[in-house]
Amino acid sequence: MTYCVAMRLNEGLVFLSDSRTNAGVDHIGTFRKMNVYENPGERVMVMMTAGNLSISQSIRQIVAEKTNAEGRTIWTAHSMYEAAQILGDAIRTVHQRDAEELGKFGIDFNVSIIFGGQIKGERCRLFQMYSAGNFIESHDENTYFQIGEAKYGKPIIDRVVTPQTSLDEAAKCALISMDSTLKSNISVGLPLDLLVYNSNDLAVTRFVTIDEQNQYFQMIRRSWGSQLKRVFEAIDDPVWDAAPEATLNVLSSSVDHSQPVRVQPPEALVRDPQPVTRQTLAGDGEADVEQQPA
């Protein structure tokens, strides 16, 4: 019950998460999903989680102290890839400890993580982590990752975001994506955490927690809905049974013989077909009635 999205762009990274964990009739839970691991001037790493809250909280605690075979932690890892491997090891540690016992209660080991940032000396990198501790990395062909209730906010990102998109444009797109999700799914809710990271800053400089009173997000919610409605109303209605020579907004032609797949009623219930009455407006404002067979 969450939605998180992150984007890797030429200019840097954008992270956005909601804070709802459940939305029952008489209880709504709120826990922040974004955690920042920052050593200013040396590295900035951001982790966002979805899935079982107890699992993600355990991973968050363990990963800050987890040491790999070379004796390095996420604080001393030489690269973001190595840091992602250490996070994967932390996921597997929690799985080994808790998965069997959770299974006895019918609870799946369910966690998804977005992990990204920059370590001095390399570019910004972004990863999506899975419950098995494995992961994939974002490249120009897939410049963003989503976890949680992803489907509602995906279309706008697919249409807008490319590696060349500016950070402010990407942040705006992420907020529109979140608003679409909030509109359609009660399990996602405010407040939101938004972090925008400029490449090579190696420190968090732009972060905001967004609640119901945030002026910019309220503007997004109002204007996006009204602009969508305006665009929708500007699109012409379809033309049915158009003349063969028609070429504008034709949905079906008079020579089109499409038929649905019909399920026949029991023979005892079959009646003689009745004529279908279609009413069209005459030029003088009165209705002409056209009888057509069914």
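Helices here are DSSP runs of H or I with at least four residues, and they are numbered from the N terminus. All views are taken from a predicted model.

**Figure 1. Salt bridge within helix 3, between Lys154 and Asp158.** The closest N and O atoms of Lys154 and Asp158 are 2.8 Å apart. Both residues belong to helix 3 and are separated by four residues, about one turn of the helix. Lys154 has a relative accessibility of 35% and counts as partly exposed. Asp158 is also classed as partly exposed, at 44%.

**Figure 2. Salt bridge between Lys33 and Asp18.** The closest N and O atoms of this pair lie 3.3 Å apart. Lys33 sits in the loop between strand 4 (28-30) and strand 5 (34-39), and Asp18 in the loop between strand 2 and strand 3 (20-23), so the salt bridge ties together parts that are 15 residues apart in sequence. With a relative accessibility of 4%, Lys33 is buried, because the cut-off for that class is under 20%. Asp18 is buried as well, with a relative accessible area of 1%. Asp18 is also among the residues in contact with Leu192.

**Figure 3. Salt bridge between Lys151 and Glu149, and a salt-bridge network elsewhere in the chain.** In the pair formed by Lys151 and Glu149, the closest N and O atoms are 3.3 Å apart. Lys151 is exposed, with a relative accessible area of 55%, and Glu149 is partly exposed at 21%. The network links Glu122, Arg123, Arg125 and Glu137 through salt bridges. Over the whole structure, a search finds 16 salt bridges.

**Figure 4. The largest nonpolar core.** This core holds 28 residues, and those with the most contacts inside it are Met7, Val14, Leu16, Ile157 and Leu192. At least two residues of the core come from each of strand 1 (3-9), strand 2 (12-17), helix 3 (154-160), helix 4 (167-184), strand 11 (192-198) and helix 5 (215-234). Helix 4 gives the largest share, nine residues. A second core, separate from this one, has 27 residues, including Tyr37, Ile62, Leu87 and Ala90.

**Figure 5. Surroundings of Leu192.** Neighbours within four places in sequence are left aside in this view. The remaining contacts of Leu192 are Leu16, Ser17, Asp18, Leu175, Met178, Val208, Thr209, Ile210 and Phe217. Leu192 and Leu16 are both listed among the residues with the most contacts inside the largest nonpolar core.

**Figure 6. Helix 4 and helix 5.** Helix 4 has 18 residues and spans 26 Å from its first C-alpha to its last, close to the 26 Å expected at 1.5 Å a residue. Of the 18 residues of helix 4, 13 are buried, so the helix is largely enclosed by the rest of the structure. Helix 5 has 20 residues and reaches 28 Å between its first and last C-alpha, close to the expected 28 Å. The N-terminal end of helix 5 is capped by Asn214, which has a side-chain oxygen 3.2 Å from the backbone nitrogen of Tyr216.

**Figure 7. Pairing of strand 1 with strand 10.** The two strands run antiparallel and are joined by five bridges. Tyr3 stands opposite Gly148 of strand 10. Strand 10 (residues 144-148) is mostly covered, with four of its five residues buried.

**Figure 8. Hairpin of strand 5 and strand 6.** Strand 5 pairs with strand 6 (residues 43-51) in the antiparallel sense over six bridges. Tyr37 faces Met45 of strand 6 across the pairing; Tyr37 is also one of the residues of the second nonpolar core. Three residues lie between the strands of this hairpin, in which Gly41 takes a positive phi near 85°.

**Figure 9. Positions of Ser58 and Thr162.** Ser58 is placed in helix 1 (residues 53-63) and is buried, at 17% relative accessibility. Apart from residues up to four places away in sequence, Ser58 touches Val94, Arg97 and Asp98. Thr162 occupies the loop between helix 3 and helix 4, where it is partly exposed with a relative accessible area of 35%. From C-alpha to C-alpha, Thr162 is 25 Å from Lys33, with 129 residues separating the two in sequence.

Methods: Residues numbered from 1 in each chain as written. Predicted model: local features only at pLDDT ≥ 70, side-chain atom pairs only at ≥ 80, totals over all residues. Heavy atoms only, no water. Core = buried A, V, L, I, M, F, W, Y, C linked by side-chain atoms within 4.5 Å. Buried < 20%, exposed > 50% of the residue type's maximum accessible area, 1.4 Å probe, protein only. Contact = heavy atoms within 4.5 Å. Pairing = 2+ DSSP bridges. Expected span 1.5 Å × (residues − 1). Polar contact = N/O pair within 3.5 Å; in protein donor to acceptor, adjacent residues only side chain to side chain. Salt bridge = Lys/Arg side-chain N within 4 Å of Asp/Glu carboxyl O.
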